[in-house]
Structure formats: C-alpha cells, structure tokens
Amino acid sequence: MNAIEQTELHIMSTYGRNAVTLEAGSETTCRDENGKSYIDFGSGIGTNSLGFCNEAWADAVCAQVRTLQHTSNLYYHSPQAQLAEKLCAMTGYSKVFYGNSGAEANECAIKLARKYSFDKYGAGRHTIITLVNSFHGRTLCTLSATGQDVFHNFFFPFVEGFRYVKANDIADLHEKLDDTVCAIMVEYVQGEGGVCLLDADFIKEIRSICTERDILMIADEVQTGIGRTGKLLAGEHFGCMADVTTLAKGLGGGLPIGACLANEKCADVLGKGSHGSTFGGNPVVCAGAVKVLEYMEQDGVMDEIEAKSAYIRERLSAVSEVAAVSGKGLMIGIALKEKKAADVLQQCLEQGLLVLTAKDKVRLLPPLVISMEELAKGMDILCNVLEG
Ligand SMILES: *Cc1c(COP(=O)(O)O)cnc(C)c1O
C-alpha cells in the first residue's frame, strides 16, 4: 500500500488533502515521491518560515535532539529560557507561556484574560469579544471564540462567554460592550477568514477601549506573527501593542510550538498550578525557534519581505482575472473574477507550484526566505494559470 492508501484507510478523514505525497524539501522547493518538484508558496500553512530544512535551523534541532530531547516542565533547561529571553527582548513583552499549537496559545490567552479579570473584579466579568469571520483554533474553546457559524456545529455544548463583533464596525463594537467583558481578541489580518486586513481606526478604538475599561486586548498573531506581514509582529504596522499576543505557526520553523506573550500588566496572572503543558517549550522545538528569531533579527530582513510583497502585487496587478489583492507582507489573498480558487490551486499543483486558499480567495504564504528568482518562477506559473 502506498501512503495515500494507508492514510485513507487508517487516518480519520478530517482534511481535504491534495493527491500528492511529498517526500523531501530543500530551501523553497520540495519534491514528491515521483521526483516531480514544486515551488512552495504555502510554507506548510505559514510554518516553514525559513523554508524546508534550513541548515542553521536543522543543525540546531539535530544537535538538541542528540543532547536532551525532553525534560518536562518539572525542570529548567536552556533552550526554552533562551527563546523566552529573545522573544521578550524582540517584542517588548514581559513573560511567555509555551504550548504546542496556535489553539493552545489562544486557550492560554483566554484563561489569562478571564483570571486577570476574576482576580481584580471578581466573578461575572468573563465575556470575550472576538470578530465575525475570525479563526482562533479547533479546540472547543477556540472554536467558540471563532466568529463563524459554520464552526459552531455538532459539538454542543460549546464554551460560553464569547460575543462576535463585525470587523471594522466601531458602532457594533460599542453596542456589544458591557460590564461582563474582560477581553477583546483580534487577528490584525484575518487569515483563514480570507486574508482581510483590519482598519487602523478600528484597531485604535479597540486599543483605547481596552485601556480605558481595563480589559485585555488579545492579538492572535498565530498566522501574522514572526515576520509574516513584514514586521516581527503585525501590531507594529498600527503602532499597537496588545496586552497579550499569541504566536505559533511561523515561530517554530516547522516544528510545533505555541507561545502566549503577556505584557507587564498581566505577566503574573497565571501562577503555579493554574496552567500547564507536558510538551510545551520542548527543548528541540525551542532550539529551532531560536534560529528562526536569529534570522528575523538580521538587518534588512523585513525590508526584503516588503520588497517581495511589492513584487507579487506588481505581477498580480497585470493579471486581468485578479479582482483584488488583500493582506500584508507575504500574507496575500487574491480575489478572482471568474475562476474558482480550488481550480487555480489544482492547476498550480499540476504545474509545480503549491498555493493555498482562504474562503473563495487564493492565498499565498511563501517562505520568508524565498529568493527573488524562485519567487519570479512561482509567479510565472501562478500568472499563467490565472490568465489561462
Ligand atoms: C492557524 C491558526 C490558529 C490555530 O493554530 P493551530 O496550530 O492549528 O492550533 C489560530 N489562530 C490563527 C489566526 C490561525 O491562523
């Protein structure tokens, strides 16, 4: 039996997979079992920020796996400490909690917000406002936080205490605010929801409401964080620092990690015994994440991301099938006039290019390290498919 047959027989069929079995990758290209190669514009959904098997990253990961692969959080170890110090220094946050995924990072943020409010104001101030069309994860609590009706099915009862506000609708935001609210949670660019960038005014209003009413602003930067939008954190585009920021996808360079960052005001809300994760902050994963941050620290990296973004937008502007381009940095949504995003994805795959979709858009999340040459080759394929 081949991998596809084994998968279909033995893995729960929760995913709509493409009929390709990938075997190996290097830099920003991978190949399947038949030796066909693909340029990668998806980064394993924004995770392989340094491309496939980046050398510095792979060396650090392999060295760590041969030295000390896991300890649990009953002990101290250097990789998670070093990563935390770096994360805090680079972002301005005070403390971090590690989980293993975006959903777990968000669970931590939600628990932190509720406890912050409980400690200070007592019971009943537990409502978290999120946005219509958001995506915050697949656990029961983060599904409840996700403001899309399609996700609120089958698994009843969901976690109570979430309220959904229309993105960029300041009046709706004020209408849904009351004394039970303890946090407002947003993605600066809604990724799964269709690569929709929030308005600067709306973000400014959220930030000032949160400060005024002492409720926590939570930025879900699971997809937008770690350079994806051309800044280390997408909040920097708006001069906005949330009280709590969650990270995951791009941080691990392709290994599972989630991180919940808290500012000084709420850094000590979660004390001993209030939260935990057996694997969270695993040494191997953290050793890799340190290498991702070392890459991000270099001069000119963010400018390069912006230049690559500008190039993609310029190429797309010449394609008549493109109705609109959304997003920020190397997180790009392409609205189409006639074609279906799923068909474009399929044709790109056939021609050796991996792309993603989000709602009815084609979505691009190329590895941040992609060369201009490789980017141009990929855009040739994409533009051909779109024009065909
Ligand atoms: C992907 C994503 C999540 C969920 O991350 P998992 O690692 O799949 O749990 C949460 N929030 C946003 C914004 C995401 O893009």
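This is a short tour of a predicted model, one selection at a time.

**Stop 1: the ligand**

Start with the ligand and show what surrounds it. The neighbours are Ser101, Gly102, Ala103, Asn106, Phe135, His136, Gly137, Glu187, Asp220, Val222, Gln223 and Lys249. What kinds of residue make up this shell? Three are nonpolar, six are polar and three are charged. Now colour helix H5, residues 102–121. This helix gives the largest share of the shell, three residues.

Next, look at three polar contacts. Select Lys249: a polar atom of its side chain is 2.6 Å from an oxygen atom of the ligand. Select Gln223: an N or O atom in its side chain lies 2.8 Å from a ligand oxygen. Select Gly102: here a backbone N or O atom sits 2.8 Å from an oxygen atom of the ligand. On its own, the ligand has 390 Å² of accessible area, and the protein covers 81% of that.

**Stop 2: Glu104 and Gln80**

Stay on helix H5 and pick Glu104. Is Glu104 buried or exposed? Glu104 is partly exposed, with a relative accessible area of 29%. Add Thr139 to the selection. Glu104 and Thr139 are 35 residues apart along the chain, and their C-alpha atoms are separated by 8.1 Å.

Move to helix H4, residues 78–91, and select Gln80. Gln80 has 19% relative accessibility, so Gln80 counts as buried; the cut-off is under 20%. Now select Ala287 as well. Gln80 and Ala287 are 207 residues apart in sequence, yet 7.6 Å apart in space, C-alpha to C-alpha.

**Stop 3: Val195 and Ser326**

Select Val195, in the loop between strand E8 (189–190) and strand E9 (196–197). Val195 is buried, at 0% relative accessible area. Check its backbone angle too: phi is near 55°, a positive value in a residue other than glycine.

Which side chain has a polar atom 2.7 Å from the backbone oxygen of Val195? The side chain belongs to Ser326. Find Ser326 in strand E13, residues 322–328. Ser326 is buried, with a relative accessible area of 16%.

**Stop 4: two loops**

Go to Ser72, in the loop between helix H3 (55–65) and H4. Ser72 is not a glycine, but its phi is positive, near 75°.

Then select Phe156 and Pro157. The peptide bond from Phe156 to Pro157 is cis, with omega near -5°. Pro157 is in the loop between helix H6 (140–145) and strand E6 (162–165).

**Stop 5: the cysteines**

A disulfide is a covalent bond between the sulfur atoms of two cysteines. How many disulfides are there, if the two sulfurs must be within 2.5 Å? The count comes to zero.

Select Cys240 and Cys210. The sulfur of Cys210 is the closest cysteine sulfur to that of Cys240, but at 8.6 Å it is too far for a bond. Cys240 is buried, with 11% relative accessible area. Cys348 is in no disulfide either: the nearest cysteine sulfur, in Cys383, is 9.4 Å away. Cys348 is buried, at 0% relative accessible area.

**Stop 6: helix H12**

Cys383 is one of the buried residues of H12, so end the tour there. Select residues 372–387, the 16 residues of H12. How far should this helix span at 1.5 Å a residue? The expected span is 22 Å, and the end C-alpha atoms are 22 Å apart, which agrees.

Now pick out the buried residues of H12. These are Glu374, Leu375, Gly378, Met379, Ile381, Leu382, Cys383, Val385 and Leu386. An α-helix has 3.6 residues a turn, so residues three or four places apart point the same way.

Technical notes:
Residues are numbered from 1 along each chain as its sequence is written. This is a predicted model: local features need pLDDT of at least 70, side-chain atom pairs count only at pLDDT 80 or more; totals for chains, interfaces and linings use all residues. Side-chain values use heavy atoms; hydrogens and water are left out. Helices (H or I, at least four residues) and strands (E, at least two) are DSSP runs, numbered from the N terminus. The expected span of a helix is 1.5 Å times one less than its number of residues. Buried means under 20% relative accessible area, exposed over 50%, partly exposed in between (1.4 Å probe, protein chains only). A disulfide is a pair of cysteine sulfur atoms within 2.5 Å. A residue is near a molecule or strand if one of its heavy atoms lies within 4 Å of it. A polar contact is a pair of N or O atoms within 3.5 Å; within protein, one must be able to donate a hydrogen and the other to accept it, and residues adjacent in sequence count only if both atoms are side-chain atoms. Accessible areas come from the Shrake-Rupley method with a 1.4 Å probe; for residues, only the protein chains shown count as cover. Ala, Val, Leu, Ile, Met, Phe, Trp, Tyr, Cys and Pro count as nonpolar, Asp, Glu, Lys and Arg as charged, and the others, Gly among them, as polar.
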